[in-house]
Amino acid sequence: MVERGAAGRTAYLSRVTRPALTRRSIALLIAAGLVAACGSAARPPSRSAAALSGTVHVDGYAVAVKCTGAVRASPTVVLLAGLTEPLGTFASLQEQLSSTTRVCSYDRLGEGSSQKPSSRQTLADSAKLLHDLLAKLGPARHGIVLVGHSLGGDLAAEYASRYPSRQTKAVILLDATPIGFARSVAKLIPPATKGIGGEVRSVNLAIAAGDNPERLVLGAAPLAPFGAVPLTVVRHGRPIFAAVPRYGAGLESIWEAGQRAWLRLSTRSRMVVARNSGHAVYLDQPGLTLRLIRGALSR
């Protein structure tokens with residue numbers, strides 16, 4: 001494959017809206033996950049300080065974390081990037097939000113500067129690590145607002161499903177990868193398909209089986225609803241699968257149905273279509289993303 005071996009299968013998705021792409025990179029792009037690169041300076045965490053840029057040891061792993069902004073009488077915003085994306089993915093967004101409240105981002109196991117996982121993981125494992133990490137960083141007295149892009153959205157939803165609403169105050173999913181997406185792609189695209197369509201099928205199946213930097217195995221079972229926690233589902237408005245011959249429209253339909261399925265997780269859910277965005281909503285419409293997060297903080 002390209003770039004970092006198995007990890008490189010997903011390393012191109014952040015470029016999905018760029019015009020100059022090879023047929024191969026388009027296939028890898030569309031599969032799942034996004035990319036960026038940054039590190040964090042190691043420094044022991046301080047429970048008393050809201051600001052933190054360093055490494056926290058949690059559940060036997062060294063995890064790179066960045067928290068900015070002062071602790072206020074508002075929830076802490078937790079930013080969850082897509083597959084292959086490090087904590088610097090939302091740097092601009094984090095900087096702007098830090099004038100309002102505390103904001104934290106981190107590298108999941110296998111991403112950025114964090115340690116690689118010792119075995120395969122599930123979304124439940126990732127949610128537990130996040131829960132334990134937040135406990136290490138100091139209690140978010142006013143709860144948290146989870147903002148997840150792409151596969152980070154799946155983790156946000158999993159976390160909200162597993163932890164009480166008194167902690168999770170709101171969830172914002174930025175074009176989150178639909179649960180069971182790989183299985184649906186495999187049904188749509190026959191096994192013998194060649195070219196871009198065949199690569200989209202094979203790469204998605206490999207990623208879902210754990211062939212990704214986080215060694216994350218993606219199931220197809222629906223997540224448990226999380227009651228009345230406010231949920232905003234943001235869907236891309238510009239087609240992202242148009243480059244896939246014959247199957248592009250079908251892939252868009254699968255993705256759109258998956259976005260509607262997210263709405264069933266909360267009794268207080270709504271859909272927002274980012275009309276001018278591809279998959280990277282936070283890059284294509286940063287103003288919209290910022291407004292939605294600030295709106296969640298003011299509830």
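**A note on cavities and cores**

1. The second largest cavity is a good place to start: Tyr106, Arg108, Leu109, Gln121, Ser126, Leu129 and Glu214 line this cavity. A cavity here is a set of points, on a 1 Å grid over the protein atoms alone, where a 1.4 Å probe fits but cannot get out, and lining residues have an atom within 4 Å of a point. About 50 Å³ of space lies inside.

2. Please keep in mind that this is a predicted model, in which local features need pLDDT of at least 70, side-chain atom pairs count only at pLDDT 80 or more, and totals for linings use all residues. Residues are numbered from 1 along each chain, and side-chain values use heavy atoms, without hydrogens and water.

3. Five cavities of 30 Å³ or more are counted, and the largest holds about 60 Å³. Its lining has 13 residues, with Leu79, Leu80, Ala81, Tyr106 and Arg108 closest to the centre. Strands β3 (76-80) and β4 (103-106) each give at least two residues to that lining; strands are DSSP runs of E, at least two residues long, and helices are runs of H or I, at least four.

4. Tyr106 also appears in the largest nonpolar core, which has 42 residues, and is among those with the most contacts inside it, along with Val63, Val65, Leu137, Leu146 and Val171. Helix α3 (residues 123-137) supplies the largest share of this core, seven residues. Such a core joins buried (under 20% relative accessible area, 1.4 Å probe, protein chains only) Ala, Val, Leu, Ile, Met, Phe, Trp, Tyr and Cys residues through side-chain atoms within 4.5 Å.

5. Another core, of 24 residues, lies apart from the largest one and includes Leu79, Ala170, Val234 and Tyr282.

Note on methods. 1 Å grid on protein atoms, 1.4 Å probe; cavity = no way out; pocket = protein on both sides within 12 Å on 5 of 7 lines; lining within 4 Å. Points joined across faces, edges and corners; volume = space filled by probe spheres on them. Buried < 20%, exposed > 50% of the residue type's maximum accessible area, 1.4 Å probe, protein only.
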